[in-house]
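Work through the exercises below with the structure open beside you. Try each task before reading its solution.

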Amino acid sequence: MFVRFVFFVFIVRLKPNKPLKTPSFVALFLSLTMNLIAQTFMMNPYDCPDAVSLNGKWNAIIDPFSRGEAMKFYQNRKPQKNTEFFEYSFDHGLRLDVPGDFNSQTPELKYYEGNIWYQRTFEAEKKDGRRQFLYFAGVSYETKVWLNGLEVGRHEGGFTPFQFDITGQVKDGANDLVVLVNNERRPDGIPAMNFDWWNYGGILRDVFFINRPEVHIRDYKVELKRGGGGIAGYVQLEGARSPQELVLTIGGLDTRQALTTDAKGFASFEIAASPELWTPGNPKLYPVTLSTGQDRITDEIGFRTIAVKGTEILLNGKPVFLKGVNFHEEIPQRLGRAHSEADAAMILSEVKALGCNFIRTSHYPQNEHIVRAAEKMGFLIWEEIPIWQGIDFTNPEIFKKAEKMLRDMIYRDKNRAAVIIWSIANETKPSDDRDKMLTGLVELCHQLDGTRLVGAAFDNPRYDKETSTFRLVDKLADAVDVVGVNKYLGWYQPFPVEPNRIKWEVADGKPLIFSEFGAEALLGKRGPDDVAHEWSEDYQAAVYRRNLEMFRNIPNLRGTTPWVLFDFRSPYRCHQTYQNGWNRKGLVSDQGQRKMAWRVMKEFYDTK
Ligand code: GCU
């Protein structure tokens with residue numbers, strides 16, 4: 001599967017009408033293929049001792065007519081002769097914070113969709129027998145990277161990490177790094193042309209220069225042995241040509257295990273141990289160290305089981321109700337993408353105040369600081385790739401793009417015990433193409449990770465007036481382990497009858513999570529609780545009360561995630577009194593003030 005994937009994507013990516021001289025074609029083929037392998041098998045910099053942060057102020061050029069590649073911005077040349085000049089320069093101009101979206105850094109970029117060029121230099125020390133990489137935790141939406149004037153790689157997708165092997169291009173001393181980012185929406189994108197959140201573009205997340213030993217730890221998994229009875233997992237080294245010795249230790253369990261890899265650097269292990277299980281109430285993490293003669297990785301690992309049994313979700317064998325909330329990766333007060341540990345702490349402090357044990361990081365893999373902080377605080381996580389509404393399922397390219405995003409999301413967070421659900425779609429319309437593609441993605445997800453549940457969110461349950469019942473007929477709902485329902489009764493559609501008379505026959509025999517519900521309210525706006533167009537807190541709170549009343553009648557309800565924790569920015573929202581480019585469904589305003597509905601939800605969770 002992997003080899004096919006590498007070969008196929010490479011051929012598809014070359015522009016057939018682009019004349020390439022043989023030598024550069026071969027170099028490009030090898031470099032792209034190597035980078036694709038390096039990209040797919042990437043080291044996690046947050047556990048890695050050799051990762052140097054490249055965060056900070058970078059030079060930038062706005063390139064609205066996309067002329068920069070033709071003008072070779074990536075060479076970053078300076079005039080050498082009197083007769084020479086270049087109609088670009090990175091110096092003495094725009095400077096942008098990395099990480100961070102560019103839209104929120106200067107007024108003229110608020111709505112910008114197009115090319116932005118970033119440039120900085122960094123010092124490197126080339127040592128024999130070491131490999132060098134550039135790691136990007138997240139760049140939206142399409143990226144091309146050059147080092148010292150040579151292209152080192154490309155990436156599509158705004159929310160998963162990627163890395164490029166630059167061993168052949170990096171120099172001793174100063175290195176010139178140029179990154180082209182394009183955030184234009186595209187019909188064959190994931191997400192595509194329309195989505196209800198701000199189209200933040202730029203180098204959104206952390207960037208690292210990583211200088212690794214020739215033979216280093218590239219990948220590992222440490223988990224409870226499936227079926228119980230201990231701890232199991234594997235280690236994969238990069239660069240091994242013969243069996244290698246390494247040591248695995250797990251602090252707090254008095255475990256020290258010597259391992260010998262095969263000639264390709266792979267070793268699996270099983271250890272008799274009885275770790276304290278990770279739970280929201282006791283988010284126990286163990287310090288895990290993997291060390292070879294030259295390399296050492298540390299991580300903090302939690303151990304738990306998650307399963308579905310009938311309509312129950314079982315955490316460590318016990319039924320759990322998921323008291324959750326949705327949030328976008330956004331800090332409303334800064335008008336920008338959240339990206340730091342401090343941002344994660346702010347968002348999650350509000351999640352904790354609401355009384356949650358669960359989060360849905362809608363609608364894309366959010367930055368690793370949020371996932372790791374949530375795990376430390378004891379929040380279970382539903383993570384998803386941004387297959388959101390209008391995706392072009394007739395285009396076979398979409399499956400490959402979705403497959404890569406899914407692989408990279410799972411690859412990055414497979415050791416995060418808090419993650420219990422991988423979700424592969426939000427509100428997609430049934431069709432033969434969509435059913436085939438997404439049920440295929442469900443199957444792939446189970447193959448990539450047999451330890452977690454696979455979910456999706458559906459807005460297409462249909463109401464039957466005769467029986468006052470919602471039902472869902474959908475092949476994708478039949479395929480997933482957990483069904484999410486997004487229904488805005490009391491907002492986008494009135495309650496068809498009194499809430500306590502509504503019946504739900506959706507996802508029979510499996511767990512149902514009400515993954516979105518709510519209404520909009522402008523903080524401080526008061527009014528009658530039965531008039532939607534007043535946009536009042538009273539109305540929003542009444543909608544919450546009526547939904548919670550209805551939930552009592554859902555026999556297989558195993559979780560709720562109201563939409564949404566904070567007001568968030570969206571180009572969809574154009575009411576110039578109440579919205580002004582904000583989706584006002586937040587339980588908390590964009591200035592961090594809690595609305596009346598927050599209290600309704602808090603009281604509900606306090607009863608659970
Ligand atoms: C949808 C969608 C959200 C959107 C919300 C809304 O269900 O999943 O991304 O923001 O409804 O309309 O506010």
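**Exercise 1. The open sheet**

This is a predicted model. Find the order of the 3 strands in the open sheet, and say which strands stand at its edges.

*Solution.*
Step 1. The 3 strands line up in the order 11-12-15. Their pairing is antiparallel.
Step 2. Look at the edges. Strand 11 (216–224) and strand 15 (266–271) each have a single partner strand, so one side of each lacks a neighbour in the sheet.
Step 3. Check the twist. Ignoring direction, neighbouring strands of this sheet are turned by 15° against each other on average.
Step 4. Zoom in on one pair. Strand 11 is joined to strand 12 (residues 231–238) by 8 bridges, and the two run antiparallel.
Step 5. Pick out a residue. K221 stands opposite Y234 in strand 12.

**Exercise 2. Helix 5 and helix 6**

Determine how helix 5 is oriented relative to helix 6, and which residues make the contact.

*Solution.*
Step 1. Locate the helices. Helix 5 covers residues 397–413, and helix 6 covers residues 432–448.
Step 2. Take the geometry. They pack at an angle of about 30°, and their axes are 11 Å apart.
Step 3. Apply the cut-off. Angles under 35 degrees count as roughly parallel. Helix 5 and helix 6 are therefore roughly parallel to each other.
Step 4. Add the handedness. Helix 5 passes helix 6 in a right-handed crossing.
Step 5. List the contact. Helix 5 contributes I398, F399, A402, E403, L406, R407 and I410, while helix 6 contributes M437, G440, L441, L444, C445 and L448.
Step 6. Sort by class. This contact of helix 5 with helix 6 has 10 nonpolar, 1 polar and 2 charged residues.

**Exercise 3. Helix 8 and helix 9**

Do the same for helix 8 (residues 537–551) and helix 9 (residues 596–607).

*Solution.*
Step 1. The packing angle is about 20°, with the axes of helix 8 and helix 9 7 Å apart.
Step 2. Helix 8 and helix 9 are therefore roughly parallel to each other.
Step 3. Helix 8 passes helix 9 in a right-handed crossing.
Step 4. From helix 8, the contact takes E537, D538, Q540, A541, Y544, R545 and L548; from helix 9, M596, A597, V600, M601 and F604.
Step 5. By class, the contact of helix 8 with helix 9 has 8 nonpolar, 1 polar and 3 charged residues.

**Exercise 4. The domains**

How many residues of domain 2 are in contact with domain 3?

*Solution.*
Step 1. Mark the bounds: domain 1 (2–38 + 215–304), domain 2 (47–213) and domain 3 (308–607).
Step 2. The C-alpha centres of domain 2 and domain 3 lie 32 Å apart.
Step 3. Across this pair, 29 residues of domain 2 are in contact with 38 residues of domain 3.

Note on methods. Residues numbered from 1 in each chain as written. Predicted model: local features only at pLDDT ≥ 70, side-chain atom pairs only at ≥ 80, totals over all residues. Heavy atoms only, no water. Axes fitted to C-alpha atoms, helices over the stretch in contact; angles between N-to-C directions. Helix = DSSP H or I, 4+ residues; strand = E, 2+ residues; numbered from the N terminus. Parallel < 35°, antiparallel > 145°, perpendicular 65-115°, else oblique. Left-handed = near helix turned anticlockwise from the far one by under 90°. Contact = heavy atoms within 4.5 Å. Nonpolar A, V, L, I, M, F, W, Y, C, P; charged D, E, K, R; others polar. Pairing = 2+ DSSP bridges. Domains from an automatic or database assignment.
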